[in-house]
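Work through the exercises below with the structure open. Try each task before reading its solution.

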Amino acid sequence: MDGKLRSGRMVLTGNRAAAHGFALAELDVFGGYPITPSTEITEEMAAFASRGVISTTYRNMDSELASMALGIGVATAGGRYGTATSSQGLALMFELLHWATTARLPLVIANTNRSLGAPWSIHPDQTDSLLLRDFFMPQIYCASVQEALDMILWAYRLSEDQSVSLPVLVNLDGFMLSHTAEAVGVPTSEQVREFLPPRHGRKDSVLPGEDGSAAMNLQCPYDWEEHSARKRSLVGAMRSAQSLIPKIANDWQRVSGRCYGNGFFRVNGGVNADVAVISAGAVTGTVEEAFGSREDVKVIGLRFFRPFPAEELRAAIGNVSKVVVIDRSILPNGNGVIADELRLSGGACRYNGADIHSFVGGFGGQDLSERGFIDMLDAVRKEIGPLKKTYWLGGRG
Amino acid sequence: MKPRDISVASFLDSRHGLCPGCGSAIAMAHILSIVSQPLPSGRTKKIRAVVVPASCWSIGSGWNGVSFLGTNLVNTPFIAGATVGEGISIMSERKWLADDELTIVWAGDGSSFDIGLGLLSGAAIRNANVLYVINDNQTYGNTGAQESGATPEGARTQTSPDGKEVAQKDILGIMLSHKIPYFASLALSVPTLNDFYAKVAKAADQKGFRCLHVLSVCPPGWKCDTSSAPELAALAVDTRVFPLVEVADDCLHLTRPKRGKPVEEFLKHQRRFASIMNSPELLREFQERVDRRWSYLLRLEENSRES
């Protein structure tokens, strides 16, 4: 028993960084269930708990559904809960995760992105988490190992704010981040406590304390007016999250010294850009490698998909004439999810006056390379159209 | 113990939405009353919450945030009751209140035998500090009486119009295989009052995963008279259709009925068994199943005494 979580610079994989985030968040309970590629988060939490590095109650669960059920119980009793999963596990949580969102129960799930079958695949894409795009649940996409740690802490801060009080999903790409080691700054517990205060539950979603208050009937049936009010308040909760994110980014910078801009996304290059390339997750790093030093291309890495920062993106893309979106997901209407979201918020094929060019790929282990992105940009500049089309990166036409 | 010796503390409020003659309603009133009294050890516990997975109680126990049971209620999806209860109880443990606060999960047979069996298994094997009540009315009551794993073989339901064709699940065997500290089956009737009261108090007094398997007469599902709940519960015990079992400290104890009766004494009051009552062969088979089960339990009792 070494009894202390180390802080300072160290080399960690994305999964271990996420586990450090959970450890620093000083959870009451962590529910563990293994699934590739998130397993290492669970193993690390079990190890931290067993060595007494954290005072969290660790439980081996019997499925991801049970992990979510445990989280509902812990959060209802006022506790802080976390769990980690991927793909099929996230899909199995669906019923109870939706319940947790609408019951306004804060908790955090680290989702190590992996393709949702069929066919069987352990490779990363974003079809698992983006399936939940209609949930009232903030969704964060990490672009680096450092973010995997930091975003877990942001997630608790956002989740537990009484005006939000919703589960938050933190996504990190399977293997590309989860199993890739990078240098990470691990904050001290004191720094984290300054940023993340103890949880105070919303009165309408947690069991009353020992003060003899009247018995509560949580999540019972209501008349239509109260039921509608609860539905509407979910929209309000997502709006609150939207206004809170820049403040969280700011507070985190004050505590950790790391700058995350407005919090919603990161922007690189493109001082005199006519093209903005938008993507989410680890692929952002590759896009930055391809274009990061160029003045004519602005690279935007979307950190928050929910709430979707449509207005903030407008300001960030400025007056470019083309927006290129790289999606690692596909919808029944043929769009990638982020491109679809931009089309919804900006008109069918234009956003902020710029043409939207949608590219999808990265399924089943397809390697998305810098060369591929450079070719993509050449095509966009020279020959591409019509704009409503979605282009598949590489592969069989 | 006679009915006049009992005063049931007022938990179940008259606004509750359960059916006339519901066996589960009276079982709830008695159980909440028993667990709130001083327990055999002298300790008194406070009910932290009653967790209610989807069931008749989801719509019957309150409305607009008001609990008709006078205790905190936590409604959950059908599958999740056992583990949500576990989560609540872990928080009591973390506040050093594991001996003082009681988390009850009140789940139906559909929730326990079928859809929630996996999560029930997990909570049981982790020995979650929960009093888990299986409110067994042998059917999916809230949806209008469809076949569940607890429905007796041969009984008619809305989804087994010709009578259930497969065996009734052995929930005793399932729970025993989880090595839980306490399991008891119980029925609320005049001749079984002592048994019922003692088992509930004993279960509430302990820690860890305790399972009470309560037979709940369901007049709409069983197609029986709405005034028949206590008598039918007594007959289920006397005919050995519902054996009263207690398992604690690796010992199994069977409560023997005062006067054994043939199964038709229980079956004939319920139209769900009409086709069995109309067929001497089906009736004989039903009796044989009950007899086989009883002698199996006697052997278990005998063996557990030796070990």
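**Exercise 1: A pair across two strands**

Task: find the residue that stands opposite Y182(B) in β8(B).

Solution. This is a predicted model. Start at Y182(B); the residue facing it in β8(B) is R210(B). Now widen the view to the two strands. β7 (residues 182–187) and β8 (residues 210–215) of chain B run parallel, joined by 6 bridges.

**Exercise 2: The sheet and its edges**

Task: work out the order of the strands in the open sheet of 9 strands, and say which stand at the edges.

Solution. Begin where the chains meet. β9 (residues 217–218) of chain A pairs with β4(B) in the parallel sense, over 2 bridges. Within that pairing, L218(A) has V74(B) as its bridge partner. Continue across: the order is β9(A)-β4(B)-β1(B)-β5(B)-β6(B)-β8(B)-β7(B)-β9(B)-β10(B), and the pairing is mixed. β9 of chain A and β10 (251–255) of chain B each have a single partner strand, so one side of each lacks a neighbour in the sheet.

**Exercise 3: Helices across the strands**

Task: identify the strands that α3(B) and α9 of chain B lie across.

Solution. Take α3(B): it lies across β1, β4, β5 (101–108) and β6 (131–136) of chain B, at about 175° to β5(B). Then take α9 (residues 229–238) of chain B: it lies across β7, β8 and β9 (244–248) of that chain, at about 120° to β7(B).

**Exercise 4: The contact between chains**

Task: describe the side of chain B that touches chain A.

Solution. Count first: 33 residues of chain B contact 34 residues of chain A. α3(B) gives the most to chain B's side, with 9 residues. By class, that side has 14 nonpolar, 15 polar and 4 charged residues.

Key. Residues numbered from 1 in each chain as written. Chains lettered and ligands numbered in written order. Predicted model: local features only at pLDDT ≥ 70, side-chain atom pairs only at ≥ 80, totals over all residues. Contact = placed C-beta atoms within 7 Å. Helix = DSSP H or I, 4+ residues; strand = E, 2+ residues; numbered from the N terminus. Nonpolar A, V, L, I, M, F, W, Y, C, P; charged D, E, K, R; others polar. Pairing = 2+ DSSP bridges. Axes fitted to C-alpha atoms, helices over the stretch in contact; angles between N-to-C directions.
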